[in-house]
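Below are some notes for a colleague who has not yet looked at this model. Please read them with the structure open.

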Amino acid sequence: MQTPEVKLAPDATEMRSLSDLYNLPAEGTQFESFCGGNLGGEHESCVEVGVIPGAESAFAVRDNKPEGAGKELRFTQAELDDFALGWINKRGLKL
């Protein structure tokens, strides 16, 4: 898995677009899958995450199962980072 370049702070134009994440066009978003938990079933259990084009600090998160098709959540980089760190801490996971 290739580590994406981390941008520390969005510029002023991007900050305006981050204030309304669900109005950003997501066409062309390249999703990366993080899979696990499904023990050989028909559909692997994956969480897919992608940077929304044109807003490098905005991300779309979705489920890969058919029931989740067309549904996504959107987060800023700061929101997603806070979630990831909180989840790791709550679950007692190690990096």
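1. Phe 83 is a fair place to begin. Its relative accessible area is 52%, and the cut-off for exposed is over 50%, so Phe 83 counts as exposed. The residue sits in helix α2, which covers residues 77-91. The model is a predicted one, and every value in these notes should be read as computed from that prediction.

2. Phe 83 has company on the surface. Together with Trp 87 and Leu 93 it makes up a nonpolar patch. The accessible area of the three residues comes to about 330 Å². In soluble globular proteins, nonpolar side chains tend to be buried together. For the chain as a whole, the exposed area is about 7,200 Å², and 56% of that is supplied by carbon and sulfur atoms.

3. The overall layout is as follows. The chain has 2 helices and 4 strands, and their order along the sequence is α-β-β-β-β-α. Of its 95 residues, 24% are counted as buried. Among contacts with a separation of 6 or more, 35% are between residues 24 or more positions apart.

4. Which residues make up the largest nonpolar core? There are 6 of them: Leu 21, Leu 24, Ile 52, Ala 55, Ala 58 and Ala 60. Ala 60 can be followed further through its contacts. Beyond its neighbours within four places in sequence, Ala 60 touches Phe 31, Glu 48, Val 49, Gly 50, Ile 52, Glu 72, Leu 73 and Arg 74. Ile 52, one of these contacts, is also a member of the core. Glu 48, Glu 72 and Arg 74 are also among the contacts of Ala 60, and they return below with the charged pairs.

5. The structure holds 1 disulfide. It joins Cys 35 and Cys 46, with 2.0 Å between the sulfur atoms. The link connects distant parts of the chain: Cys 35 belongs to strand β1 (residues 30-35) and Cys 46 to strand β2 (residues 46-51), and the two are 11 residues apart. The angle about the S-S bond is 100 degrees, and the link is right-handed.

6. Are the two cysteines of that link buried or exposed? Cys 46 is buried, at 5% relative accessible area. Cys 35 has a relative accessibility of 45% and is therefore classed as partly exposed.

7. Salt bridges come next; the structure holds 3. Side chains of opposite charge can pair when their charged atoms come close. In the pair of Glu 48 and Arg 62, the closest N and O atoms are 2.6 Å apart. Glu 48 is in strand β2 and Arg 62 in strand β3 (residues 58-63), so this salt bridge ties together parts of the chain 14 residues apart in sequence. Glu 48 counts as buried because its relative accessibility is 13%, whereas Arg 62 is partly exposed at 33%.

8. Glu 72 and Arg 74 form another salt bridge, with 2.7 Å between the closest N and O atoms. Arg 74 has 9% relative accessibility and so counts as buried. Glu 72, at 26%, counts as partly exposed.

9. Lys 65 and Asp 63 also meet in a salt bridge through their side chains, at 2.9 Å from N to O. Lys 65 is partly exposed, with a relative accessible area of 27%. Asp 63 is likewise partly exposed, with 32%.

10. A last point concerns two glycines. Where does Gly 28 lie? It is in the loop between α1 (12-18) and β1. Its relative accessibility is 55%, so Gly 28 counts as exposed. Between Gly 28 and Gly 50 there are 9.6 Å in space, C-alpha to C-alpha, for a separation of 22 residues in sequence. Gly 50 is also among the residues in contact with Ala 60.

Note on methods:
Residues are numbered from 1 along each chain as its sequence is written. This is a predicted model: local features need pLDDT of at least 70, side-chain atom pairs count only at pLDDT 80 or more; totals for chains, interfaces and linings use all residues. Side-chain values use heavy atoms; hydrogens and water are left out. Buried means under 20% relative accessible area, exposed over 50%, partly exposed in between (1.4 Å probe, protein chains only). Contact means heavy atoms within 4.5 Å. Accessible areas come from the Shrake-Rupley method with a 1.4 Å probe; for residues, only the protein chains shown count as cover. Patches are made of residues with over 30% relative accessible area and no salt bridge: like charges are joined within 9 Å, nonpolar side chains (Val, Leu, Ile, Met, Phe, Trp, Tyr) within 5 Å. A salt bridge is a side-chain nitrogen of Lys or Arg within 4 Å of a carboxyl oxygen of Asp or Glu. A disulfide is a pair of cysteine sulfur atoms within 2.5 Å. A nonpolar core is a set of buried Ala, Val, Leu, Ile, Met, Phe, Trp, Tyr and Cys residues joined through side-chain atoms within 4.5 Å.
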